[in-house]
Amino acid sequence: FQEFPGGWSGSSLRGGTMDLLLLLLLHGLLLLPLAALLLYRCSSTFQYLCKMAFFNCWIVAMATLLSPFAAFRGRSVENMKLLRASLLPLKRFYGIRMRVRGSERLQLPGPFVIVCNHQASLDLIGMVEVIPDRCVPIAKRELLYLGTVGWACWLSGIIFIERHRRDAAIGVISRTAGTMRRENVSRLCVWVFPEGTRNPGRSMLPFKRGAFHLAVQAQVPIVPIVISPYCDFFSSKEKRFTSGTCTIQVLPRVETRGLSPKDVPKLTESVWQAMAKALAEMSMSDHGDQDTEQLQLGEDRGSPQGQGDTAESSK
Ligand SMILES: CCCCC/C=C\C/C=C\CCCCCCCC(=O)SCCNC(=O)CCNC(=O)[C@H](O)C(C)(C)COP(=O)(O)OP(=O)(O)OC[C@H]1O[C@@H](n2cnc3c(N)ncnc32)[C@H](O)[C@@H]1OP(=O)(O)O
Ligand SMILES: CCCCCCCC/C=C\CCCCCCCC(=O)OC[C@@H](O)COP(=O)(O)O
């Protein structure tokens, strides 16, 4: 390029283009968050995706930050306190109000097995609301491979099972029963999602029997916990996630002293019925009668167990 008076040189032309590009980039950088904000306000799907991304990022961040501290203690159920504390703020971020009923039923001196319905990964928010000290969940082994999340879970003493290798899973459960019996003094509790997989909606899947074998083998009570359906404020199918209220109902414990493995099918069924009844009642009190037809209580299931009195504590 040749410079001449009154004209543009090649370098000033390049400079001008650069300025223009920078200006566009700057506008883009300013407009992008604005566009995202607008999209967040207008699109419930985008809102759902952002909230789920935040949920997962929070868990990964907490696991990454806290695992080194947990590692000082080594693998210990005491690290569940860290896990609990790190997930407790999530309900506030999402504007989820937790209502806990019957929490006094978790104040047992000895070990016990908690069984809880499993709708979504959001159940972690409810779980940490009520999980007692020295209580560990049983989780699918796949979680162990989620990088620092797996490491955090391992350090917290979470019990892993391979759901598709029944004999191996039964072996893990038997060893856990042994530990519960041995650690009677220091009390170890176990939290199981007996549906074995997530099941969104107002129904419950038939229960797997591992949790009930565990309680019978350890000769400890079962404490059923029912988390009310999220349908009002959360649906992964419809990609909807707003704020709302969630009720957690702790049911009366079911004793297993004197029961043997042959009693497990009946035990499983009666606990399923008690929880299904509580779930149905929660759905009805949340929505009136309009949604009762959606309740799927399964076919031919007899009268459920009584649920006794409940004390309510709202947090
Ligand atoms: C430190 C800072 C941290 C910061 C934060 C970081 C991270 C936090 C992130 C995450 C936290 C993680 C929270 C964990 C939540 C995880 C939730 C899950 O993963 S849910 C999935 C796993 N759970 C389950 O699968 C439930 C347990 N499953 C079972 O109990 C099953 O029974 C089974 C043992 C796997 C076997 O299942 P199967 O499909 O074969 O079916 P059945 O139950 O019907 O059993 C068939 C048959 O076997 C007999 N049986 C079963 N168990 C036993 C047993 N223990 N002993 C003897 N016999 C057994 C059963 O009776 C059946 O026989 P029969 O028909 O003759 O009665
Ligand atoms: C080096 C690897 C890096 C990996 C990065 C990992 C990213 C992980 C992101 C988020 C982790 C969130 C973990 C939440 C755990 C929620 C527990 C849960 O709900 O498990 C589901 C299980 O009950 C049943 O599973 P299925 O319904 O059968 O399916």
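1. Lining of the largest cavity. In this predicted model, the lining of the largest cavity is made up of 4 nonpolar and 5 charged residues, with no polar ones. The residues concerned are Val 77, Glu 78, Met 80, Lys 81, Arg 84, Ile 131, Pro 132, Asp 133 and Arg 134. The space inside comes to about 60 Å³. Searching the whole structure gives 2 cavities of 30 Å³ or more.

2. Confidence. The protein has a mean pLDDT of 88, and 85% of its residues are at 70 or more. For the model as a whole, ipTM is 0.95 and pTM is 0.87.

3. The stretch 288-315. Over residues 288-315 pLDDT stays under 50. The model nevertheless has 55 contacts for this stretch beyond four places in sequence. Coordinates predicted at low pLDDT should not be read in detail. I would ask that any figure showing residues 288-315 state that their pLDDT is under 50.

4. Surroundings of ligand 1. There are 28 residues around ligand 1. Those that come nearest are Lys 140, Arg 166, Lys 208, Arg 209 and His 213.

5. Polar contacts of ligand 1. Two of the pairs use the protein backbone: an N or O backbone atom of Lys 140 is 2.9 Å from an oxygen atom of ligand 1, and a polar backbone atom of Gly 210 is 3.0 Å from an oxygen atom of this ligand. His 213 contributes through its side chain, where an N or O atom lies 2.8 Å from an oxygen atom of ligand 1. Taken alone, ligand 1 exposes 1,400 Å², of which the protein buries 83%.

6. Surroundings of ligand 2. The shell around ligand 2 consists of Asn 56, Val 60, His 118, Ser 121, Leu 124, Lys 140, Leu 146, Gly 147, Arg 163, Thr 197 and Arg 198. By class, 3 of these are nonpolar, 5 polar and 3 charged.

7. Polar contacts of ligand 2. Three side chains place a polar atom by an oxygen atom of ligand 2: Thr 197 at 2.7 Å, Arg 198 at 2.8 Å and Lys 140 at 3.0 Å. Taken alone, ligand 2 exposes 770 Å², and the protein buries 66% of that.

8. Lys 140. Which residue should be checked against both ligands? Lys 140 is among the residues that come nearest to ligand 1 and is also part of the shell around ligand 2. Its backbone supplies the 2.9 Å pair with ligand 1, whereas its side chain supplies the 3.0 Å pair with ligand 2.

Note on methods
Residues are numbered from 1 along each chain as its sequence is written. Chains are lettered from A and ligands numbered from 1 in the order in which they are written. This is a predicted model: local features need pLDDT of at least 70, side-chain atom pairs count only at pLDDT 80 or more; totals for chains, interfaces and linings use all residues. Side-chain values use heavy atoms; hydrogens and water are left out. A residue is near a molecule or strand if one of its heavy atoms lies within 4 Å of it. A polar contact is a pair of N or O atoms within 3.5 Å; within protein, one must be able to donate a hydrogen and the other to accept it, and residues adjacent in sequence count only if both atoms are side-chain atoms. Accessible areas come from the Shrake-Rupley method with a 1.4 Å probe; for residues, only the protein chains shown count as cover. Ala, Val, Leu, Ile, Met, Phe, Trp, Tyr, Cys and Pro count as nonpolar, Asp, Glu, Lys and Arg as charged, and the others, Gly among them, as polar. pLDDT is the predictor's confidence in each residue, from 0 to 100. Contact means heavy atoms within 4.5 Å. On a 1 Å grid over the protein atoms alone, a cavity is a set of points where a 1.4 Å probe fits but cannot get out, and a pocket is an open set with protein on both sides within 12 Å along at least five of seven lines; lining residues have an atom within 4 Å of a point. Grid points are joined across faces, edges and corners, and a volume is the space filled by probe spheres set on the points.
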